[in-house]
Amino acid sequence: MNKLKFAVLIEATSIQQYIFSSNKLPENIGASFIIEKLLYGKNGLMDVILKQMFSRDFDINLWKEARDLEPDSPCEVGYIGGGNTLVFFEYEKHAKFFIKSFSTGCLLKYPSLRIAIGVKSDFNTTQYKDEYEKLLEDLKKRKARHIPNVSIAKHGITTD
């Protein structure tokens with residue numbers, strides 16, 4: 001099936017830093033849970049956004065069983081694993097809305113978690129390996145452009 005899709009690859013880039021930002025074990029376990037379940041799991045951030053966008057339920061775990069993408073689905077998960085997820089959209093406007101909503105949701109709910117997003121507008125599903133390599137290159141380029149804020153915040157009232 002030669003079908004072009006809009007591919008969105010999301011990578012949680014600071015998983016270990018986020019998990020180990022506290023030396024309290026319950027908080028570390030909670031951070032790991034957030035990344036695994038609350039971002040990409042059933043009723044997680046991604047699931048909620050997709051339900052709101054398309055006013056229907058999506059089986060987030062269908063990718064584990066299905067061999068090919070559904071031809072008439074507006075959105076489908078390619079895979080989820082290791083802090084990453086690949087989502088295919090039928091239309092670019094849906095992908096852009098999803099990226100905006102997911103990024104905003106991460107900033108509001110999990111502010112110290114950093115994510116990187118790669119996109120490919122004409123992902124040919126019949127040539128998955130080559131297309132995925134191009135998508136990874138886009139992700140790498142976007143991660144390289146990110147300049148983290150490493151300055152230590154100070155109060156303007158006191159002097160050093």
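**View 1. Cysteines and the absence of disulfides in this predicted model.** The count of disulfides in this predicted model comes to zero, where a disulfide would be a pair of cysteine sulfur atoms within 2.5 Å. Two of the cysteines can be looked at here, namely Cys-75, which counts as buried because its relative accessibility is 2%, and Cys-106, which is also buried, with a relative accessible area of 2%.

**View 2. A salt bridge between Glu-90 and Lys-5.** Side chains of opposite charge can pair when their charged atoms come close. In this view the side chains of Glu-90 and Lys-5 meet in a salt bridge, with a distance of 2.8 Å from N to O. Glu-90 sits in the loop between β3 (84-89) and α4 (92-109), while Lys-5 belongs to strand β1 (residues 4-12), so the pair ties together parts of the model that are 85 residues apart in sequence. Glu-90 is partly exposed, having a relative accessible area of 21%, whereas Lys-5, at 3% relative accessibility, counts as buried.

**View 3. Lys-51 with its partners Asp-47 and Asp-57.** The side chain of Lys-51 meets that of Asp-47 in a salt bridge of 3.3 Å, taken from N to O, and these two residues, four apart in helix α3, are separated by about one helical turn. Lys-51 also forms a salt bridge with Asp-57, where the closest N and O atoms are 3.8 Å apart. How buried or exposed are the residues taking part, beginning with Asp-47? Asp-47 counts as buried at 0% relative accessibility, Lys-51 counts as partly exposed at 22%, and Asp-57 is exposed, with a relative accessible area of 59%.

**View 4. A network of salt bridges that share partners.** Lys-120, Asp-122, Glu-131 and Lys-134 are joined into one network by salt bridges that have partners in common. For the model as a whole, the count of salt bridges comes to ten.

**View 5. A patch of negative charge on the surface.** Four acidic side chains, those of Asp-59, Glu-65, Glu-70 and Asp-72, gather on the surface in a patch of negative charge. One of them, Glu-70, can be found in the loop that runs between α3 (45-54) and β2 (75-81). With a relative accessibility of 32%, Glu-70 counts as partly exposed, and this value lies over the 30% relative accessible area that a residue needs to be part of such a patch.

How values were computed: Residues are numbered from 1 along each chain as its sequence is written. This is a predicted model: local features need pLDDT of at least 70, side-chain atom pairs count only at pLDDT 80 or more; totals for chains, interfaces and linings use all residues. Side-chain values use heavy atoms; hydrogens and water are left out. Patches are made of residues with over 30% relative accessible area and no salt bridge: like charges are joined within 9 Å, nonpolar side chains (Val, Leu, Ile, Met, Phe, Trp, Tyr) within 5 Å. Accessible areas come from the Shrake-Rupley method with a 1.4 Å probe; for residues, only the protein chains shown count as cover. Lys and Arg count as positive and Asp and Glu as negative; His and the chain ends are not counted. The place of a charge is taken as NZ of Lys, CZ of Arg, CG of Asp or CD of Glu. Buried means under 20% relative accessible area, exposed over 50%, partly exposed in between (1.4 Å probe, protein chains only).
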